[in-house]
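Colleague: I have a structure to read and I would like a guided tour. Can we take it feature by feature?

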Amino acid sequence: MTTPHLLEARNLEIRFGGVVAANDVSLHVNRGQNMAIIGPNGAGKTTFLNICTGWLKPTRGQVLLEGRDITRLSPRDIARRGVARAFQIPQLFTEHTALENLLIAVAARDRLSNPLRDLHRIPERAEMMHMLEMVNCADVAHRQVDELSEGQRKLIDIAIALALKPRLLLMDEPTSGVASSEKFAVMDILVRALHEAQVTSVFVEHDMAIVERYADEVAVWAAGDVRLRGAPAEVLAHPDVIRDVIGEVV
Amino acid sequence: MTRLLPALLVLAIAAVPWLMPNLQVLLTLALAKGIAVMGVTVLLRAGQVSFGHALFFAVSAYAAAFLIAAWPGADLILVLVAGVAGALVAGLLVGLFVVRYRGIFFSMLNLAFSMIFWSFLEKFYHLTGGADGKRIRRPPVLGADIGRSDFELLLFYITLGLALALAWFTLRWLGSPRGHLFRTIKTNETRLQYLGMSPRHVMLSGYVLSAVLCGVGGVLMGLSQGVVTPDFAWWVRSGEMVFIAVLGGAGSVAGALLGAIVYEMVRIYASAFAGDIWQMLLGGFLLIIILFAPGGLVGMFHRFFPGRAQDGEDRT
């Protein structure tokens, strides 16, 4: 008997009015890989992440996590099963510091409910400080997140997701909004953190240099369907991808 | 100074029955109201305003009144517990429904529930006593019947003790993991769901706490006045709680108590010296606070005496 894929989408279909965001899409993600999803704007890449995390429900098809159907579960239940999400626009708790954002995540993960224990005194604090070190943000641990740079906010957003100890992390454009000079640094930190935490990832990305350097596999999404998938060098050199995706992005 | 001044203030309040006994009942009522305002303050930390929390204030006072009517020998402790239990159950039942909503819908639904209860109290005269309300006879204390002045003195210290203990607990709760999760309702509910949490469950925990705090205030107010009327659930009472929360410093636990004391003082003296225009004076007072001290009385205090606020405290 074969081991099921970590994540598998089967024949997904979803439409927004006349726009087809996913049309009979099937895609699977293997354990331990970093998969990039590329494609033109509006192709349905973010919609795919939204379906996988339970935010949107497909009109047809299934999403399986290790062979179990999670299609109709809520984002909360899917998160509880080990699927975390990082966002294109960082989703942070803006009245809290960077460290507190992570402590809140761990409070949710471990369901900490002692009403008399201070958040800053929970035993997991050291673990979260280590997480901040992993994403190179230990020096801003005690600063309000809305005072941080976009790159730092992105990393905190990802660190929150990693704090949940997920099996799979879905990221929407992890380097968008980050200064060009910082992009590779952010991705270096991110990939190292993913490797250290042994987390499989799927990330939507428009920067082909990032895709080429950090993805183990690339899936090309166009007009609501996966047109091509394979190793980055092979996919990015494909004439259709150069014409329809890379050409448009450039 | 940030620790010394509040301690001195507490000592000064504790000495009131001996130094200024004519203020004792007024302060009992103010502190009872302050405890209820703490409940409104808890919700403000999640960015939600309730215009109906007088519901729980009234439920607990009526629960106490019904218990004493049914069982005249019921002890003070039992009366307090019954009142708070009533508020807790009501908070849970109403909360299960209203925590689905946010913003103006949340505010208005709370208002609607409180007004339904107010109508019930007014119209079911044979059961509730209608507009005349129900009398709350002085209960025995640990089995002993005590005189009115001793009871009032005891109630003053119980109210002061509960106000301090509940303020401490509320601050600890707001600084706890659960309290911080509750506070994220204000800033990012979407992320909360992606952390595997149900915003409704998180909201419900804070809502029930706020209802219980209002309940403690309500039963103390009822015991102090010796009577409970539908006025306890009237929307003006809920608005007054929000008014006091803003006056003290929206989101500040200490501000709830301080705001209630200042509010009652201003109200009593304004009504004594300014007759029919005391509401106008109160409105003007709030206007000045909002315009010149948006952090409320506690914000003013921190401006003059900067220092580290407790984690559960909001200094904005």
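Modeller: Start with burial. A residue is called buried when its relative accessible area is under 20%. Over 50% is exposed, and partly exposed lies in between. Keep in mind that this is a predicted model.

Colleague: Let me apply that. Is Phe182(B) buried or exposed?

Modeller: Phe182(B) is buried, because its relative accessible area is 0%. Phe182(B) sits in helix α9 (residues 177-187) of chain B.

Colleague: Which residues does Phe182(B) touch, leaving out those up to four places away in sequence?

Modeller: The contacts are Val42(B), Leu43(B), Ala46(B), Trp173(B), Val202(B), Met203(B), Gly206(B) and Tyr207(B). Take Met203(B) as one case. Phe182(B) and Met203(B) are 21 residues apart in sequence, and their C-alpha atoms are 6.1 Å apart in space.

Colleague: Now a polar residue. Is Thr170(B) buried or exposed?

Modeller: Thr170(B) is buried too, with a relative accessible area of 0%. Its place is in helix α8 (residues 148-175) of chain B.

Colleague: What lies 2.6 Å from a polar atom of the Thr170(B) side chain?

Modeller: The backbone oxygen of Leu166(B). Beyond four places in sequence, Thr170(B) touches Met38(B), Val42(B), Leu213(B) and Val253(B). Val42(B) is also on the contact list of Phe182(B).

Colleague: On to sheets. How should I read strand pairing?

Modeller: Strands of a sheet pair through backbone hydrogen bonds, either parallel or antiparallel. Then read the strand order. In chain A, an open sheet of four strands runs β2-β1-β4-β5, with antiparallel pairing.

Colleague: Which strands stand at the edges?

Modeller: β2 (19-29) and β5 (68-69) of chain A. Each has a single partner strand, so one side of each is left without a neighbour in the sheet.

Colleague: How many bridges join β1(A) and β4(A)?

Modeller: Five, in the antiparallel sense; β4 of chain A covers residues 60-65. For one register point, Leu7(A) has Leu65(A) in β4(A) as its bridge partner. Helix α1 (residues 45-52) of chain A packs on this sheet. The helix touches β1, β2 and β4 of chain A, and its direction makes about 115° with that of β1(A).

Colleague: What about the parallel case?

Modeller: Look at β7(A). Strand β6 (residues 83-86) of chain A runs parallel to β7(A), joined by four bridges. Strand β8 (residues 200-204) of chain A pairs with β7(A) in the parallel sense over five bridges. Leu168(A) gives the register: Val83(A) stands opposite it, and Thr200(A) is its bridge partner in β8(A).

Colleague: Why is β7(A) described as largely enclosed by the rest of the structure?

Modeller: Because five of its five residues are buried. Both faces are covered. Leu168(A), Leu170(A) and Asp172(A) are on one side, with Leu169(A) and Met171(A) on the other.

Colleague: Next, backbone angles. Which sign of phi does Asn11(A) have?

Modeller: Positive, near 50°, in a residue other than glycine. Asn11(A) lies in strand β1 (residues 7-16) of chain A. With a relative accessible area of 34%, Asn11(A) is partly exposed.

Colleague: And where does Glu173(A) lie?

Modeller: In the loop between β7 (168-172) and α6 (180-197) of chain A. Phi of Glu173(A) is also positive, near 50°. Glu173(A) counts as buried, at 11% relative accessibility.

Colleague: Last, the interface. How is its size expressed?

Modeller: The size of an interface is often given as the accessible area lost when the parts come together. Here chain A and chain B bury about 2700 Å² between them, 62% of it on carbon and sulfur atoms. On the side of chain A, Arg76(A), Phe93(A) and Leu116(A) lose the most area, together 22% of what that side buries.

Colleague: How many residues of each chain are in contact?

Modeller: 33 of chain A with 26 of chain B.

Colleague: How many salt bridges cross the interface of chain A and chain B?

Modeller: Two. The side chains of Lys186(B) and Glu95(A) meet in a salt bridge, 3.2 Å from N to O. There are also eleven residue pairs in polar contact between the chains, both residues at pLDDT 80 or more.

Colleague: Which element gives the most to the side of chain A that touches chain B?

Modeller: α3(A), with five residues. The elements giving two or more residues to that side are α2 (75-80), α3 (98-109) and α5 (150-163) of chain A.

Definitions and conventions:
Residues are numbered from 1 along each chain as its sequence is written. Chains are lettered from A and ligands numbered from 1 in the order in which they are written. This is a predicted model: local features need pLDDT of at least 70, side-chain atom pairs count only at pLDDT 80 or more; totals for chains, interfaces and linings use all residues. Side-chain values use heavy atoms; hydrogens and water are left out. Buried means under 20% relative accessible area, exposed over 50%, partly exposed in between (1.4 Å probe, protein chains only). Two strands pair if DSSP finds at least two bridges between them. Contact means heavy atoms within 4.5 Å. Axes are lines fitted to C-alpha atoms, for helices over the stretch in contact, and angles run from 0 to 180 degrees between N-to-C directions. Buried area is the accessible area (1.4 Å probe) that two parts lose on being put together, summed over both. A salt bridge is a side-chain nitrogen of Lys or Arg within 4 Å of a carboxyl oxygen of Asp or Glu. A polar contact is a pair of N or O atoms within 3.5 Å; within protein, one must be able to donate a hydrogen and the other to accept it, and residues adjacent in sequence count only if both atoms are side-chain atoms.
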